[in-house]
Structure formats: C-alpha cells, structure tokens
Amino acid sequence: MALDTETFNILLETVERFVAERLVPLEAQVASEDQVPADVIAEMKELGLFGLTIPEEYGGLGLTMTEEIEVAIRLGGTTPAFRSIFGTNIGIGSQGIVMDGTPQQKAHYLPKLASGEMISSFALTEPEAGSDAGSLKTSARLDGDHYVLNGTKRFITNSPSADIFTLMARTDPDTPGAKGISAFIVERNSPGLSVGSPDKKMGQQGAKTADVILEDCRVPAANIIGGVAGVGFKTAMKVLDRGRLHISAVSVGIAERLIKECVNYASERKQFGKAIAEFQLIQAMLADSKAESYAARTMVFDAAKKKEAGENITLEAACCKMFATEMVGKVADRAVQIFGGAGYLSEYPIERLYRDVRLFRIYEGTTQIQQLIIARELLKEAE
Ligand code: COS
C-alpha cells in the first residue's frame with residue numbers, strides 16, 4: 001500500500017465527487033468544443049491527478065497497481081477524454097522514465113510530470129509501423145554528443161500539448177527488428193521537431209492526437225532512457241504491459257457507468273403499459289452486461305495483485321486488455337439497444353460513449369495483438 005487506508009479512501013471519494021459533480025456535467029460541452037477547459041485542467045493538477053503513479057520521492061502519490069486500478073475505474077465514470085489529459089503523464093508517457101530512467105533523468109523530469117508542469121507523450125507508432133512496432137523506421141544517428149533523429153510518429157496522444165516525448169527510434173540501422181531500437185526523452189523545443197494539426201477522430205473529442213515530425217532533430221545522447229542504446233523496445237513493451245491494465249480498468253469504469261445509465265433509463269421508460277425494465281429481454285441485456293463487466297473487474301484486480309507480487313504479467317495484461325475492451329464495446333452496444341432511438345441521439349450520453357470506447361480495442365495494442373501475445377506466452381510456458 002502506497003498511501004495509508006484513510007488517505008487513499010479520501011482520494012477515492014474526492015475523485016468520485018470530481019467525476020460526478022465537475023466532469024460529468026461538462027461532457028457535452030467538451031465533446032462539442034473538442035477541448036477540456038483550462039480551469040478543469042488546473043483543478044486536475046491541484047488534485048494530484050498528474051502524479052498518481054509517479055513515486056512519492058519525485059512528488060507523485062506513488063500509487064500501487066491495485067490503487068491505480070481503483071482510481072482508473074472511477075475515472076471511467078465519465079468521458080475518457082478527461083482521463084486522457086493526464087493519462088500519458090501517469091502512464092505511457094512517464095513510465096519509461098520511472099522504470100528504466102537514470103537517476104538524473106528521474107530527478108529532472110518526474111517532479112515536473114507529477115505536478116503537471118510538463119505534459120508527456122508516448123511516441124512509438126509510425127505511418128508504416130503500428131501493430132508491428134518492432135519495424136519502426138525513425139532513425140537516430142550519433143553525431144558527437146547528440147543523436148540526429150528523422151522520421152514521423154503517428155496518432156500520438158497529447159502530442160499537441162506535450163513538453164516531452166518518450167520516443168522510440170532506431171539507433172542501429174543495421175539491426176532490423178526490436179534490437180536496434182532505443183528509447184529517448186525528446187523535448188518539444190528540440191530543433192527539428194514539429195507537431196502536425198490535431199487529427200479528426202470518431203470519438204474522444206477533447207483528447208488530441210497528431211503526428212510528430214522529426215527533421216534532423218538534435219537530441220542529446222544523454223537523453224537515451226537509462227543511458228543504454230538498443231533496449232528501447234523492451235522499455236516500450238514494459239510500459240505497455242502496465243498501460244494495458246490501466247485501459248482495462250477504465251473500460252470497467254465506463255461499463256459500470258453505462259450499466260447505471262441503462263438501469264435508470266429502463267426503470268423510467270414505459271412501453272406496453274410498464275417500465276421496460278420489467279421485460280425479460282431487457283433484463284437479459286442488463287444481466288449479460290453486468291456479468292461481463294464483473295468478470296473484467298475481477299481479472300484486472302487479479303493481474304494487478306500479480307504485478308505487485310513481482311510476477312511477469314505480460315500474459316495477464318493482454319488477457320485483461322482483450323477481454324475488458326471487447327466487454328465495454330458489447331456493453332455500449334447493448335446500451336444503445338436498451339435506449340432505442342434515444343441511444344442513437346447525441347442528446348443522451350450513450351451515443352457518445354459508444355463512439356468513445358471503440359478506441360480501446362485499437363490503441364495500446366489491438367485485440368488481435370493481445371490474442372497473439374496470449375498465445376505466444378502460453379506456448380512459451382509449454383516449452
Ligand atoms: N516486457 C519485456 N520485454 C518484452 C516484452 C514485454 N512485455 N515483450 C517483448 N519483450 C522483449 C522480448 O523478450 C524480446 O527480447 P529478446 O530479443 O531479448 O528476447 C524483444 O522484446 C523483442 O520482442 P519480440 O521478439 O516479441 O518482438 P516482436 O517484434 O515479435 O513484437 C509484439 C511483439 C507484436 C507483441 C509488439 O510489436 C507489440 O506489442 N505490438 C503492438 C504495439 C502497440 O501496442 N502499439 C500501440 C502503440 S501505443 S498507443
């Protein structure tokens with residue numbers, strides 16, 4: 001336990017209240033303006049949300065994996081665009097430094113990430129390297145005490161507001177695949193770095209993604225994470241193992257929100273002279289959604305406990321990511337069905353959440369990549 005029980009319970013209650021009273025009422029506005037208001041971001045900083053997972057010695061709350069899951073489920077009570085604002089600082093943007101950074105890198109960057117003074121972003125994907133991340137082409141050529149980076153990174157969450165990027169590039173052009181890749185901390189103001197215009201997306205308005213373009217971008221050699229070249233792919237994979245558990249927890253939270261919306265609506269909406277909740281075909285949809293979200297919830301906590309016990313959870317994280325993100329897709333689909341015509345209108349939150357959750361089955365590794373990882377780990381165990 002990182003925090004004592006009382007302090008942690010206060011944190012959970014505060015997050016629940018913030019979600020219900022401050023964020024939920026702003027959902028429609030954020031979706032239509034494609035922007036989270038600056039005063040809300042300032043409140044997130046005050047609440048410590050940017051530093052949830054960063055160790056206490058660097059100014060964060062240092063939550064354990066289980067505690068992070070508890071908070072992430074509660075953050076799932078609202079549109080995921082809000083979580084995305086600080087999601088990279090507590091997840092894939094910072095964890096490479098937390099896990100593998102040198103003491104100097106940690107001391108320099110982590111306090112600023114924990115306070116929200118700096119925004120971080122994770123740059124792995126490229127136009128030609130998505131699921132096959134090990135084939136990335138962005139090059140990093142040593143020139144004196146700097147590397148010169150060239151390439152394009154695609155769909156990079158929070159890149160429009162990022163101050164630093166955890167960015168994977170190929171330092172060894174003669175070694176194809178994962179072994180030639182290094183992880184860098186690249187500062188936004190590095191000469192030769194530019195960010196494209198924000199992408200137009202299906203959902204999650206308010207969360208921004210864009211290309212990151214590197215043209216003879218000079219990065220100090222000292223900014224290789226951990227000071228060791230050629231191990232950046234492993235750093236990225238470890239970061240994703242953790243990130244996949246976090247996304248699974250957010251999926252559980254959103255499923256629970258959708259189920260609550262469905263129960264309320266079905267209890268009020270009357271057809272054939274009674275509340276539609278009294279019809280068994282509606283009850284079946286509610287029951288399936290509840291059973292599946294409960295299963296996902298249980299899986300995520302089990303995997304978190306194993307991670308805290310020091311076990312390798314690559315297989316479990318992939319199982320959770322696959323099951324929980326597919327689950328929330330099904331729950332959102334049933335929610336549209338229960339709401340009927342109202343589920344298709346943007347006046348109600350269901351239509352928006354249905355689009356928002358579609359991303360979960362794609363980013364941080366598609367369902368199909370999770371299947372490959374699960375099978376591969378199983379076969380490895382059998383060797
Ligand atoms: N933790 C630690 N190390 C890992 C690891 C993990 N979870 N996964 C792989 N590695 C290591 C391997 O052990 C291997 O090291 P050795 O060469 O020393 O044995 C190295 O990394 C290369 O791994 P592998 O051979 O498995 O690489 P592949 O090219 O086959 O890639 C997949 C594997 C498909 C799993 C990987 O490319 C992947 O996860 N793709 C999806 C990427 C993704 O999630 N993108 C979303 C972008 S972020 S929003």
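In the predicted model, an oxygen atom of the ligand is placed 2.9 Å from an N or O atom in the side chain of Arg-244. Arg-244 is also listed among the closest of the 20 residues that surround the ligand, together with Ser-131, Lys-179, Lys-234 and Arg-376. Nitrogen atoms of the ligand take part in polar approaches as well: a polar side-chain atom of Asp-241 lies 2.9 Å from a ligand nitrogen atom, and a polar side-chain atom of Thr-314 is found 3.3 Å from a nitrogen atom of the ligand.

Helix H10 spans residues 314-339, and its axis comes within 9 Å of that of helix H11 (residues 349-358), the two crossing at roughly 160°. Because angles over 145 degrees count as roughly antiparallel, H10 and H11 are therefore assigned a roughly antiparallel arrangement, and the crossing of H10 past H11 is left-handed. On the H10 side, the contact is formed by Val-328, Gly-329, Ala-332, Asp-333, Ala-335, Val-336 and Phe-339, which meet Ile-350, Tyr-354 and Val-357 of H11. Classified by residue type, this contact of H10 with H11 comprises eight nonpolar, one polar and one charged residues.

A second helix pair is formed by H1 (residues 5-23) and H3 (residues 38-46), whose axes come within 13 Å and cross at roughly 170°, which makes H1 roughly antiparallel to H3. Here Phe-18, Arg-22 and Leu-23 of H1 meet Asp-39, Val-40, Glu-43 and Met-44 of H3, and the contact of H1 with H3 contains four nonpolar and three charged residues, with no polar residues.

How values were computed
Residues numbered from 1 in each chain as written. Predicted model: local features only at pLDDT ≥ 70, side-chain atom pairs only at ≥ 80, totals over all residues. Heavy atoms only, no water. Axes fitted to C-alpha atoms, helices over the stretch in contact; angles between N-to-C directions. Helix = DSSP H or I, 4+ residues; strand = E, 2+ residues; numbered from the N terminus. Parallel < 35°, antiparallel > 145°, perpendicular 65-115°, else oblique. Left-handed = near helix turned anticlockwise from the far one by under 90°. Contact = heavy atoms within 4.5 Å. Nonpolar A, V, L, I, M, F, W, Y, C, P; charged D, E, K, R; others polar. Near = heavy atom within 4 Å. Polar contact = N/O pair within 3.5 Å; in protein donor to acceptor, adjacent residues only side chain to side chain.
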